[in-house]
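Biologist: I am new to this structure and should be grateful for a close look at one buried loop residue and its surroundings. Please start from the residue itself and then work outwards to the rest of the protein.

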Amino acid sequence: MSHRIAILAGDGIGKEVMPEGVRALEAAAKRFGIELELEPFDFASCDYYLEHGQMLPDDWHATLSQFDAIFYGAIGWPDKVPDHISLWGSLLKFRREFDQYVNLRPCRLLPGIKSPLADREPGDIDFYVVRENTEGEYSSVGGTMFEGTDREVVIQETVMTRHGVDRVLKYAFDLAATRPRKKLTSATKSNGIAITMPWWDKRVAAMGQHYPDVNVDQFHIDILTANFVLHPDWFDVVVASNLFGDILSDLGPACTGTIGVAPSANINPEGTFPSLFEPVHGSAPDIAGKHIANPIGQIWSGAMMLEHLGYKEAADAIVAAFEAVLAEGDTRVLTPDLRGSGSTQALGQAIAERIAAG
Ligand code: NAD
Ligand code: IPM
Ligand code: MN
């Protein structure tokens, strides 16, 4: 059976790391006899917006619905297109309209990478952030009144639904139940955000009733960020609302040395719509064009995509390949965020060769 994958590279370093993600996928597909049809599109990029006045063609939903998955780079070029226009016109639309309500973001200290946290070794940091991905603080409910006057008022509501919260909690509990430590941590802020967050805590407690083997704790988001730095070994599965999960999923990878390695899966678990796989990082205008972006976040996201499509062995082979290259620590191959002097291509090529070699 052949799998159709839509390739959306996006902007900035998205265009540089995507070819390395594709190279790794092709190497794994060849080794494991997987048939992939990779089809690139130029939409969902700021260049497309500047030419067409919109981020996506009118028929994007029908076009992308025909694919088994979407492999995505990074979007945003804030000097030319305001971020809220480019992101609400593409990525956030995909997450909502394809009901990708789980954003699964692994966070692991990899061999050969030095954590900025003193004395942390691989094994000390190994958890998942499960981020609610379609509602919460990312809502379009609200508006501005008395605009331009000194009475200006701006309101943006947080929207949480029982359906929306329970389904992501269920995913997180199911995941925790499969992990050796069976531990789930909930990110809350029920002391200050006194309507939605006490309700979130109640939903966590209610879901926990169905998982007597899962050990549940919770922290307010402020001390939780501190504990990510002080005690990253406490965490196993961390479930969070949309905004809290966004923040935690940059902080966690930063504790593992670089956000350049962090992958994510925007999943529609029912398979009604395609799921989307992308690195956690953005388009990094500060380093775009220099060919020094770390491609591992993109490559690892490709591994998550293969696992989602049913190819766990191929996914594991990709992860083993970049772990081996990292463990070797050849600074001519590693990118500058990994303290090397290598390029995006050199690191991507070393990983692809390792995948092919088995
Ligand atoms: P960013 O993630 O693009 O960059 C933050 C910092 O991390 C920069 O210093 C950058 O150089 C570094 N960095 C990021 N990825 C790296 C990699 N692979 N290798 C080495 N270093 C890397 O975040 P930002 O600067 O806040 O945002 C830039 C643009 O990207 C904005 O338009 C933003 O909206 C967008 N963005 C898009 C996504 C996405 O498409 N999923 C995610 C985050 C930000
Ligand atoms: C992410 C990004 C996006 C988010 C932005 C670009 C809208 O930061 O995927 O983490 O906030 O979800
Ligand atoms: Mn983010």
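Modeller: Once neighbours within four places in sequence are set aside, threonine 258 has contacts with Pro253, Asn294, Asp337 and Leu338. The model is a predicted one, and what follows should be read in that light. Threonine 258 sits in the loop that leads from helix α9 (242–255) to strand β11. Although it belongs to a loop, threonine 258 counts as buried, because 22 C-beta neighbours lie inside 10 Å and the cut-off for burial is 20 or more. One of its contacts, aspartate 337, is 79 residues away in sequence, yet the two C-alpha atoms are 6.4 Å apart.

Another contact of threonine 258, Asn294, leads to the first of the bound molecules. Ligand 1 is surrounded by 23 residues, and Asn294 is among the closest, together with Gly76, Gly260, His281 and Gly282. By class, the shell around ligand 1 holds 12 nonpolar, seven polar and four charged residues. Gly282 also belongs to the surroundings of ligand 2, where it is joined by Leu87, Leu92, Asp246 and Val280. Three residues of the shell around ligand 2 are nonpolar, one is polar and one is charged.

The loop that holds threonine 258 ends at β11, and this strand, residues 263–267, is joined to β12 by four bridges in an antiparallel arrangement. On its side of this pairing, asparagine 266 faces leucine 276 of β12. Leucine 276 also has isoleucine 70 opposite it. The second pairing belongs to β3 (residues 69–74), which runs parallel to β12 and is joined to it by three bridges.

How many residues of β12 are buried? Strand β12, residues 275–279, is mostly covered, with five of its five residues buried. Ser275, Phe277 and Pro279 point to one side of the strand, while Leu276 and Glu278 point to the other, and both sets are buried.

Pro279 connects this strand to a residue of another element, for it is among the contacts of valine 17, as are Gly73, Ala293, Pro295, Gln298 and Thr344, neighbours within four places in sequence being left aside. Valine 17 lies in helix α1. It counts as buried because 30 other C-beta atoms lie within 10 Å of its own. Helix α1, residues 14–32, forms a right-handed β-α-β unit with β1 and β2. The two strands of that unit, β1 (residues 2–10) and β2 (residues 35–41), run parallel and share seven bridges. Within this pairing, arginine 4 has glutamate 37 of β2 as its bridge partner.

Two loop residues offer a contrast with threonine 258. Aspartate 119 is found in the loop between β4 (102–108) and β5 (126–132). Is aspartate 119 buried or exposed? It counts as exposed, because it has 6 C-beta neighbours inside 10 Å, and the cut-off for exposure is 12 or fewer. Its phi is positive, about 65 degrees, although the residue is not a glycine. Between the C-alpha atoms of aspartate 119 and valine 17 the separation is 30 Å, with their positions 102 residues apart along the chain. Phenylalanine 146 is the second example, placed in the loop between β6 (142–145) and β7 (153–156). It has a positive phi of about 55 degrees and is likewise not a glycine. With 10 C-beta neighbours inside 10 Å, phenylalanine 146 counts as exposed.

These parts can now be placed in the whole protein. There are 12 helices and 12 strands. The radius of gyration is 20 Å, close to the 21 Å that the globule rule gives for 358 residues, so the protein is as compact as a globular protein of that length. Along the principal axes, the C-alpha atoms fill a box of roughly 55 × 50 × 40 Å. Threonine 258 and valine 17 are among the buried residues, a group that makes up 47% of the 358 residues. Of the contacts with a separation of 6 or more, 74% are between residues 24 or more positions apart. The contact between threonine 258 and Asp337, with its 79 residues of sequence separation, is one example of such a pairing.

Conventions. Residues numbered from 1 in each chain as written. Chains lettered and ligands numbered in written order. Predicted model: local features only at pLDDT ≥ 70, side-chain atom pairs only at ≥ 80, totals over all residues. Near = placed C-beta within 6 Å. Nonpolar A, V, L, I, M, F, W, Y, C, P; charged D, E, K, R; others polar. Pairing = 2+ DSSP bridges. Right-handed = clockwise from strand over helix to strand, strands pointing away. Rg over C-alpha atoms; globule rule 2.2 N^0.38 Å. Contact = placed C-beta atoms within 7 Å.
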